[in-house]
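Subject: Handover of a structure

Dear colleague,

Please find the structure below, passed to you for your records and further reading. A summary of what was found in it comes after the display.

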Amino acid sequence: MKWLYDFSYLTHAIHKGLSERFEPGTVVILEMVMVGVAFMLLFAVLGLVLVYAERKVSAVIQQRLGPMRVGKWGTAQTLADVVKLLLKEPLINKDADRFLFNLAPFVIMIAAFMAIAALPFAKGLHAIDFDIGILYIAAVSSLGVIGILLAGWSSNNKYSLIGAMRSGAQIISYELSVALSLLTIVVLTGSLQLSVIVESQADGWWIFKGHIPAMIAFLIFLIASTAETNRGPFDLAEAESELTAGFHTEYSGLKFAFFFLAEFANMFIVAGIGATVFLGGWMPFHIGTWEGFNAVMDFIPPIVWFFGKVGFMIFLMMWFRWTFPRLRIDQLLTLEWKYLLPINLMNIVLMAFLSLMGWHF
Amino acid sequence: MEETVYKELESEEYFINMGPQHPSTHGVLRLVLSLDGEIIRKVEPHIGYIHRSIEKMCEHDSYQQIVHLTDRMDYLSCHINNEAVCLGVEMGLQLEVPERVKVIRTIIGELTRLSSHQLWWGVMGMDLGAITTFLYGFRDRELITDIFEETCGARLTMNYNIPGGLMFDIHPNFQKRTKDFITYFKKKLPEYDDLLSNNVIFRERTLGIGNLSKEDAISFGVTGPTGRASGFSCDVRKHHPYSAYNKVEFKEILRTEGDCYARYQCRIDEMWESLSIIEQLIDNIPEGPYKAPTKAVIKLPKGEFYQKVETARGEFGVYIISEGQKSPYRLKFRSPGFSNLSALNHMAQGCKIADLVAIMSTLDLVIPDIDR
């Protein structure tokens, strides 16, 4: 059970086993394939679990039961939906730009894959530990907007185009706030490397250690990342009551499923970043010198901590989505450029000051 | 130099077909929007997609049958629509209906208004992106629908009023269930405020959007909560009381802002008024027959009769021209939705697409009422 608390035992064992049997070059390729397959499986499972969770959470909020018929408690409902989507005819409208139309869902998925690779899931369970981890994630996660713009443009549908344009304006704006709120914590850690950021939270999470600026940064991150994933109350790109389905109006079948999956994957990614930077990643919750309490917390494996925190963040986002009305595009941009961005910049200065004076814990 | 740059950036208007199948037109309404980017330059409603020539059908039906056509128009105010035709026919026959009928008609009418406003509230939230309100609205509406189901047997396209009175007496449970509903809904109505009215995003989306001045409201013939939100005192229940409305105390909700939020608040306040009207009447239903005796074949005397009532959407009028036959020579309905829709272009100009959706929600359009 040692590997459950430190995955490096497991990964090293696999690496050693492979190195004994194959050439070094082959080992690298094999390991890359293994990691890729693992992420694909993770995405598939995430899709299934999160769609089910979304439906159940919304059901609870809306005082209904949600899916109940397919499988026990409706657990097989998502599987049934996947099968339905796979069997559906992929329609392409006559005047669509076929190449870009087919490319768009993949661009979105690739962006999601690239971002998720840099997340530390547990101790030693980390695909790539870049020394510029946060910068990399901020850069890569904004690639997804290209997919949305391509989808909107190539569909040759005015609703799609309006949705894509809104989405472009939105993601480019909120990208700033996400990056700046993460930078607020980087000021404290002095490193962009995600594993270092996690390690620095061994004695307390940054949201507690960083005083008020860290909490402000967390709030801004929560708002901006919800906007970046195009989820309600910022789901202007697909605003079903205005633009029918926005940028993916013309998509059906598997390609639609890709957009759908990418939404949930992106939600997982931003929740993962938030959990890593603000809530201590896979670090357990510790209170000062309470030895007994801390020992109990340590007993819970890191991977459970990580997914628990991510689950909490995702639940918050779902809660937003199902209770708030949608913003209008100009209000959305006003919120970012007139409120979040100035507050964020001030917050960084404040945090730098705190850090300089050593007033944080 | 500057001029050439400006020319290159000049934008061009384009058209979008919103509907006939669109989530926020609530039916088969088609709007042709001229847009400049996201800004609306012109809205042109195209109607007629569910025209069923109800007025023409009325010319071949007996007066009892006509009643059943009206609840296919504004299906959310079905009892009030039925009442309008019944009152018109009774006016023609100079028939005095029993007091019991008047009171029951008023209670049923107010319950209908409540259920319509509940549905409108849910849909309004959904149009603005808060899907949860839809379920909440329906949750509370269900109770009224249950009462109606027990009373008249149907849950949609209900018929209870007939010329001369009611089809049958109220169910023994009616009073108890209605009172239960009032106590329940008085607790739930503040929840509506918590969820939408006081929400920052909701207020931002509705305050100062879709302004309609009192003068414009009058000249477009906008009635109902939409007109009253602009300060146009047009409550038929107050100005031309019918049934038992002259016996109850209630306020005519008037606001002066004329924006989406005023229209929203107007309807919320009307729900409180409806609750109070029902409360005043529910314990005081007089004993007596539930209908006045009428002949099997009703023949109105030669002449013209106009009866208007206040539905959940505004003034609904029935204009009957009779030649003394068993069916009218010509029958015209004045439906509130049609006039309210005519103000849409005026209100939406210069707004964004998202505002248009908010404006349409607060107009509370029911398309079968517009098309007839």
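The notes that follow deal with confidence, then with chain B as a whole, one of its sheets, and its contact with chain A.

Please bear in mind that this is a predicted model. For chain A the mean pLDDT is 83, with 98% of the residues at 70 or more. Within chain A, the lowest mean pLDDT of any element, 68, belongs to helix α1 (residues 2-5) of chain A, and the highest, 87, to helix α15 (residues 302-323) of chain A. Where pLDDT is low, the predicted coordinates should not be read in detail.

Turning to chain B, its secondary structure comprises 16 helices and eight strands. Along the principal axes, the C-alpha atoms of chain B occupy a box of roughly 85 × 50 × 35 Å. The radius of gyration of chain B is 22 Å, which agrees with the value near 21 Å expected of a compact globule because the chain has 372 residues. Of these 372 residues in chain B, 50% count as buried. Among the contacts in chain B with a separation of 6 or more, 69% are between residues 24 or more positions apart.

One sheet of chain B may be described in more detail. It is an open sheet of three strands in the order β1-β2-β3 (chain B), and the pairing is antiparallel. Strands β1 and β3 (39-46) of chain B lie at the edges, each pairing on one side only. From one strand to the next, the twist averages 25 degrees.

Five bridges link β1(B) to strand β2 (residues 30-36) of chain B in the antiparallel sense, and here B:M18 stands opposite B:L31 of β2(B). Between β2(B) and β3(B), which also run antiparallel, there are seven bridges. B:L31 stands opposite B:P45 in β3(B), so that residue of β2(B) has a partner in each of the two pairings. The hairpin of β2(B) and β3(B) has two residues between the strands, and B:G37 takes a positive phi near 70 degrees there.

Lastly, the contact between the chains takes 26 residues from chain B and 24 residues from chain A. On the side of chain B that touches chain A, the elements giving two or more residues are β1 (14-18), α5 (99-127), α6 (132-152), α8 (200-206) and α15 (353-363) of chain B. The residues on that side of chain B comprise 13 nonpolar, six polar and seven charged. Strand β1 of chain B thus appears both in the sheet and among the elements that touch chain A.

Yours sincerely

Notes. Residues are numbered from 1 along each chain as its sequence is written. Chains are lettered from A and ligands numbered from 1 in the order in which they are written. This is a predicted model: local features need pLDDT of at least 70, side-chain atom pairs count only at pLDDT 80 or more; totals for chains, interfaces and linings use all residues. pLDDT is the predictor's confidence in each residue, from 0 to 100. Helices (H or I, at least four residues) and strands (E, at least two) are DSSP runs, numbered from the N terminus. Two residues are in contact if their C-beta atoms, placed from the backbone, lie within 7 Å. Ala, Val, Leu, Ile, Met, Phe, Trp, Tyr, Cys and Pro count as nonpolar, Asp, Glu, Lys and Arg as charged, and the others, Gly among them, as polar. The radius of gyration is taken over C-alpha atoms; the globule rule is 2.2 Å times the number of residues to the power 0.38. A residue is buried if 20 or more other C-beta atoms lie within 10 Å of its own, exposed if 12 or fewer, and partly exposed in between; C-beta atoms are placed from the backbone. Two strands pair if DSSP finds at least two bridges between them. Axes are lines fitted to C-alpha atoms, for helices over the stretch in contact, and angles run from 0 to 180 degrees between N-to-C directions.
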